[in-house]
Amino acid sequence: MNSFQYSRAQDVADAVRQSAADGSAKFIAGGTNLVDLMKYEVERPARLIDISHLPLRAIEEPPGGGLRVGALVPNSDLAWHPQVKERYPLLSSAILAGASTQLRNMASTGGNLLQRTRCLYFYDVATPCNKRKPGSGCAAIGGINRINAILGTSDVCIATHPSDMCVALAALDATVHVVGPEGERAIAMTDFHRLPGDTPERDTNLGANEIVTAIALPARSFRTHYTYLKIRDRLSYAFALVAVAAALEIEGGIIREARLALGGVAHKPWRDPEAEAVLVGQSAERNTFAKAASVVLRDAKGFGHNDFKIDLARRTIIRALDQAAQGTPQSQSDKRIA
Amino acid sequence: MQQISVALTVNGVRRELEIAPWTTLLDALRERLGLTGTKKGCDHGQCGACTVLLDGRPINSCLALAVMQDGSDVTTVEGLARDGTLHPVQQAFIDHDAFQCGYCTPGQICSAVGLISDGRARTRAEIREAMSGNICRCGAYPNIIAAIEEAMKAT
């Protein structure tokens, strides 16, 4: 790890000021990803601004309904919060599908959004990576790319976003609240993360000196017909090869509202309005689900080792929609897939 | 070199340190406080050997910067026994032969103590899932789970 200066932010405005005053500084909260990246020398900040003591740890019910989650709420507190378990079980399930108990105890809500890809070449500083070092090339294209993306890729980057929590937040139409030098703004979760395009070094649309302060969940919570189905190489404590968050509203066997978000397949949580439109107004059955899966994957492209993900994604979408329709969400402890 | 004052309560004793900001909690415990029960395995948050209880909750001490834990309460495996009597989880690990080489054991025990105190895992499947951040390369998992189940019943 490189040597660096350390300072504590006194409040959110102070954090923004300190960041603006030192272009090479980074915020640190839980640190579970950043400290690891610093040990690999992927990140070499000259200063860390400690935001972990800021008063952003509340989970509150705002007057208009929904739920507002402070950016420093640990992942485990969010997953096990009674209101989240009761009203947003999809979010709770997705968080508990990710990482380990120890990591969830440290990792913050805001930091989960900002974690970086787990692409093998991003971590390996001896290899080219356009995300780590713009213009150096992509070693994953033509390399070992089993875990890489099949949707929304560019010819310079095929990394995936590793979060489970963010997939559920995208499905739930959450909003990210941020504060920067220009004041406060809200970003739709689906617009927060970016596709790689020709600027893969930018994971998100967060401004240089902006800080995430909260996540807002809308009132509609899909507590009956939902699932988070995560497929991975180990039964626990592994990143998704493919993950699907599915949420439906069903009346008399007909789908009235559909949300479908994929993880492990793209540079951001993957929502596809056309696929969701295919589901609405149709009967909740496998033929319908298969049509939606075909729409989601119409432009899917493999890079060799990850070709299997296209068929895996198709099957996982169908199974997840089936679980959601049946009201039998995937358990995150009993790993049998029903 | 920037040195920062940090006060921690470690195993019930207040400790004050002047440390460089890049010192992990793991290195502070082992190299500065001489508490070598907590192990450095992967040093990347993947194996769980460095697990300690921070304000009662299991965390990976290898990914925690010590300067950020000012004012916190840290319990390591050395702090679990009381008056010469092993913690029930420690005794259960012995009774069930829940280790072979023992390198992962301090982390396993700290995770198990956290698991029992938060009360979220009840079934065997839930215990396995909650303990998945602690790797045992000897493969003592069945005995580890049995030890935790027994310690849960006893508390």
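In this predicted model, Ala243(A) lies opposite Gly263(A), a residue of strand S11(A). This pair belongs to the contact between S10(A) and S11(A), residues 254-263, two strands that run antiparallel and are joined by nine bridges.

Strand S10(A), residues 242-251, also pairs with S9(A) in the antiparallel sense. Within that pairing, Thr227(A) faces Ala246(A) of S10(A). The two pairings are set out below.

| Strand pair | Sense | Bridges |
|---|---|---|
| S9(A) and S10(A) | antiparallel | seven |
| S10(A) and S11(A) | antiparallel | nine |

These strands form part of an open sheet of four strands in chain A, ordered S9-S10-S11-S12 and paired in the antiparallel sense. S9(A) and S12(A), the latter at 270-271, occupy the edges with a single partner strand each, so one side of each has no neighbour in the sheet. Helix H13(A), residues 308-326, packs on the sheet and touches S9(A), S10(A) and S11(A), its direction making about 35 degrees with that of S10(A). Of the seven residues of S9(A), 225-231, six are buried, so this strand is largely enclosed by the rest of the structure.

Helix H13(A) also packs against helix H12(A), residues 286-296, at an angle of about 140 degrees, with the axes 9 Å apart. The two helices are therefore oblique to each other, and H12(A) passes H13(A) in a right-handed crossing. Residues of H12(A) in this contact include Phe289(A), Ala293(A) and Val296(A), while those of H13(A) include Ile317(A), Ile318(A) and Leu321(A). By class, the residues of the contact comprise eight nonpolar, no polar and three charged.

Terms used. Residues numbered from 1 in each chain as written. Chains lettered and ligands numbered in written order. Predicted model: local features only at pLDDT ≥ 70, side-chain atom pairs only at ≥ 80, totals over all residues. Buried ≥ 20, exposed ≤ 12 C-beta atoms within 10 Å, placed from the backbone. Pairing = 2+ DSSP bridges. Contact = placed C-beta atoms within 7 Å. Axes fitted to C-alpha atoms, helices over the stretch in contact; angles between N-to-C directions. Parallel < 35°, antiparallel > 145°, perpendicular 65-115°, else oblique. Left-handed = near helix turned anticlockwise from the far one by under 90°. Nonpolar A, V, L, I, M, F, W, Y, C, P; charged D, E, K, R; others polar.
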